[in-house]
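Subject: Structure for your review

Hello,

Here is the structure I said I would pass on. Please look it over before reading the notes that follow it.

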Amino acid sequence: MIMNVVGLIPAARGKFAELKDRLDYLHEQQADLKHARNSIELVISDIEESMEKMFSETFYQVKEEFSKVFKALFQGGKAELELTNPDELLTTGVEIHAQPPGKSLKSLSLLSGGERALTAIALIFAFIQVKPSPFYVLDEIDAPLDDVNIVRFAN
């Protein structure tokens, strides 16, 4: 019986060395993965920070232009864009409030179809003012407008 055990010792040493090498390799891989994860989290954090900054800057520029364009299209009144959750810029929504001349301030859903369309056009034009593009297609943009709003849009 001692002979059998003594014969197994070199095989066990070999198996142990093989398993130790495998364990060392896996620890190395785990360390690499942890390092890669940390690097990716850093990149994501940098990207999110840049996105928040760019969104904030663009939002406030569009907000200002939207107010100007709305007043021009409606020949008065006021409109504003509002963030639903200003503390979380990457997940916030944007609400549109519009007050055509002679009416009370309302959310976009409470305006007439023509007023909603003209307000949406004002928003599109505000985007164009902030981030111009060399090419625009505004097909059927005047379709939902009534006669009064078509004259406003044309002017």
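Q75 is found in the loop between α1, which covers residues 2–74, and β1. This is a predicted model. The phi angle of Q75 is near 55 degrees, a positive value in a residue other than glycine. Most residues other than glycine have a negative phi. Q75 is exposed, at a relative accessible area of 53%.

Next, the salt bridges. The structure holds six of them.

Two pairs sit within helix α1. K20 forms a salt bridge with D24, and the closest N and O atoms are 3.2 Å apart. Both residues lie in helix α1, four residues apart, about one turn of the helix. K20 counts as partly exposed, with a relative accessibility of 40%, and D24 is also partly exposed, at 35%. In the other pair, the side chains of E41 and R37 meet in a salt bridge at 3.1 Å, N to O. E41 and R37 are likewise four residues apart in helix α1, about one turn. Here E41 is partly exposed, with a relative accessible area of 40%, whereas R37 counts as exposed because its relative accessibility, 56%, is over the 50% cut-off.

Which parts of the chain does the salt bridge between E115 and K103 tie together? The two side chains meet at 2.5 Å, N to O. E115 lies in helix α2 (residues 113–130) and K103 in the loop between β2 and β3 (106–107), so the pair links parts that are twelve residues apart in sequence. E115 is buried, with a relative accessible area of 8%, while K103 is partly exposed at 36% relative accessibility. There is also a network: E64, E65 and K68 are joined by salt bridges that share partners.

Now the strands. H97 is placed in strand β2, and so is E95. The side chains of these two residues, H97 and E95, make a polar contact at 3.2 Å. Buried or exposed: which is H97? With a relative accessibility of 16%, H97 counts as buried, because the limit for that class is under 20%. E95 is partly exposed, at 36% relative accessibility.

Both residues can also be placed relative to E80. H97 and E80 are 17 residues apart in sequence, with 5.4 Å between their C-alpha atoms. For E95 and E80, the separation is 15 residues in sequence and 8.3 Å in space, C-alpha to C-alpha.

The loop between β1 and β2 has two residues to note. T92 is placed in this loop and is buried, with a relative accessible area of 14%. A polar atom of the T92 side chain lies 3.3 Å from the backbone nitrogen of T84. D87 lies in the loop between β1 (78–83) and β2 (94–99) as well, but D87 is exposed, with a relative accessible area of 69%.

D87 also belongs to a negative surface patch, together with D46, E48, E49, E52 and E88.

If you go through the model yourself, where does the residue with a positive phi near 55 degrees, Q75, lie? In the loop between α1 and β1, as noted at the start.

Regards

Definitions and conventions:
Residues numbered from 1 in each chain as written. Predicted model: local features only at pLDDT ≥ 70, side-chain atom pairs only at ≥ 80, totals over all residues. Heavy atoms only, no water. Patch = residues over 30% accessible without salt bridge, like charges linked within 9 Å, V, L, I, M, F, W, Y side chains within 5 Å. Areas by Shrake-Rupley, 256 points an atom, 1.4 Å probe, with all protein chains shown as cover. Salt bridge = Lys/Arg side-chain N within 4 Å of Asp/Glu carboxyl O. Lys, Arg positive; Asp, Glu negative; His and termini not counted. Charge placed at Lys NZ, Arg CZ, Asp CG, Glu CD. Buried < 20%, exposed > 50% of the residue type's maximum accessible area, 1.4 Å probe, protein only. Polar contact = N/O pair within 3.5 Å; in protein donor to acceptor, adjacent residues only side chain to side chain.
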